[in-house]
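Trainee: Could you take me slowly through one part of this model and show me how its pieces fit together? I'm new to this, so please explain the terms as you go.

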Amino acid sequence: MPTQSKSDKSEPTKSEPAIWLRKDLLDTADLNLADFNLIFETTDAMIEVRERPIARTTTLRGTTLATLFYENSTRTRASFEIAGKALGADVVNLSASQSSVGKGESLIDTVRTLEAIGADILVLRHPLSGASTLASKYTNASVINAGDGMHAHPTQALLDLFTIKQHLGELSGRKIVIVGDILHSRVARSNIWALLTLGAQITLCGPATLLPKYFTQHKSDLQNVTVTTNLKTALSNADVVMTLRLQKERQRNSIIPSLSEYIRNYQINNDTIALAKSTAIVMHPGPVNAGFEISQEVAEGKQSVISAQVTNGVAIRMALLYLFATRTTDFPA
Ligand code: CP
C-alpha cells in the first residue's frame, strides 16, 4: 500500500480533487466537506459490494488491519473485522486483556510492536481522551480512532450521518436533536463537529449536569447549536432524534437526582417522539438501555433506524479502510 510520512500534514481543501490524503482519522473535527463527500461516495460503492452474491473483494489483499481495544465493544470491533475481511485484508484482533498490555506494556510500545509485525492500519479504542492522537505520533501505520475517552468516536458519527442522508437526504438545514448524557459522550461530540460542517441545525438536550459547558459558553461561535434542558422545546419540529445512554463508566459522581426523574423528563417514548415531526427518525449509537433513555416500543418502532445504523457501520468502515489502504486507486471492480 502507498506510504505517507507520519509528519505529513496534507490537508485537502474544498477546491482540491476528491482524493484521500490523510494519514489518520482521529476526529470528525479534522474533516472538511470534501472528505465527508468522498467517504459517503465510497460507502455507497461498498454497499454495492455488500449486496453482491459474494460480498467480498480482494482489493486489500496484502494489507494488515490490527484492531486494538482497551475497552469493550460489540459493534465497532465486529464491524471493522467484517469490513477488513470483506475487502481481503489480513485482520489481527487484540484486546488489552489478551495482549502484553496486561504485563505492563505501554500504549506506545504496543503500537510500535504492531507496526513492526506489519500492521498498515491500526484501529484503536482506549478509555483515555487523546490516546489515538498519541498513538498516531509514534507509528507510520494509519490510526483510526474507534473511541477515546469522552473525546471522539469519528466512525460512529460517520455512520450516523450516512444513515441520516440515506433516510432524509441532505443534512443542510435539518434539525438534529441529541438527547441525554452529552457531557460524557464522544459520539455526541464527533456528531456535533460533523453536523456543523454539513450545515445541520443541532439541538442539545438533557439535564444541566449532563450538558457540556463548552456549548453553552460559546453560543456566539456556534450559532447552529442550541442548548436546552426542556425536551418538549427540543423535539419541536425535529427531523432526527438521537438519544444517548447514561455513560455510568465515565460519570465520576452521581450527577442526576434519580433515574426515575431522568426517565420522566428525558426518555424518548411514544409520547415524547410525537412532539417531533411525524417523519422524524430515531437514532441511538448503542449499546441501548431500553426502558431508560428510550422505550422498547420506540427503539423497535417504525421511526427507529438503529438497525440501519449498525448495518451501515460495516460499509462506512469498509470505505475508510479502502481509502486509507489505497488512497488514490479506483473503486473495487
Ligand atoms: N456505538 C459503539 O461504539 O458501540 P460498541 O461499544 O458496541 O462498539
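Mentor: Start where two helices meet: R75, T76, S79, F80, I82, A83, G84 and A86 of helix 2 touch V310, G313, V314, R317, M318 and L321 of helix 12. Touching, or contact, means heavy atoms within 4.5 Å. Helices (H or I, at least four residues) and strands (E, at least two) are DSSP runs, numbered from the N terminus. Before going on, keep in mind that this is a predicted model, in which local features need pLDDT of at least 70 and side-chain atom pairs count only at pLDDT 80 or more, while totals for chains, interfaces and linings use all residues. Residues are numbered from 1 along each chain as its sequence is written, and side-chain values use heavy atoms, with hydrogens and water left out.

Back to our pair. Helix 2 covers residues 75-86 and helix 12 covers residues 306-326; they pack at about 55°, and their axes are 8 Å apart. This makes helix 2 oblique to helix 12. Here the axes are lines fitted to C-alpha atoms, for helices over the stretch in contact, and angles run from 0 to 180 degrees between N-to-C directions. Angles under 35 degrees count as roughly parallel, over 145 as roughly antiparallel, 65 to 115 as roughly perpendicular, and the rest as oblique. The two helices cross in the right-handed sense, meaning that the near helix is turned clockwise from the far one, whereas anticlockwise by less than a right angle would be left-handed.

Two residues from that meeting place, T76 and R317, lead us to H153. Setting aside neighbours within four places in sequence, H153 is in contact with T76, R125, A146, G147, R186, V187, S190 and R317. You will find H153 in the loop between strand 4 and helix 5 (154-168). Is H153 buried or exposed? H153 counts as buried because its relative accessibility is 4%; buried means under 20% relative accessible area, exposed over 50%, and partly exposed in between (1.4 Å probe, protein chains only).

The loop of H153 follows strand 4, so let's look at the sheet. Its 4 strands are ordered 2-1-3-4, in an open sheet with parallel pairing. Strand 2 and strand 4 (142-148) are at the edges with a single partner strand each, so one side of each has no neighbour in the sheet. Ignoring direction, neighbouring strands are turned by 15° against each other on average. For strand 4, look at strand 3: they pair in the parallel sense over 5 bridges, where pairing requires that DSSP finds at least two bridges. H126 stands opposite D148 of strand 4.

Which elements help to cover the buried residues of helix 3? They include strand 1 (64-69), strand 2 (90-95), strand 3 (121-126) and helix 4 (131-137). The buried residues of helix 3 (residues 107-116) are L107, T110, V111 and L114. They span an arc of only 100° around the axis, which places them on the same side of helix 3; the arc is that of the directions from the helix axis to the C-beta atoms. An α-helix has 3.6 residues a turn, so residues three or four places apart point the same way. Just after helix 3, G118 has a positive phi of about 110°.
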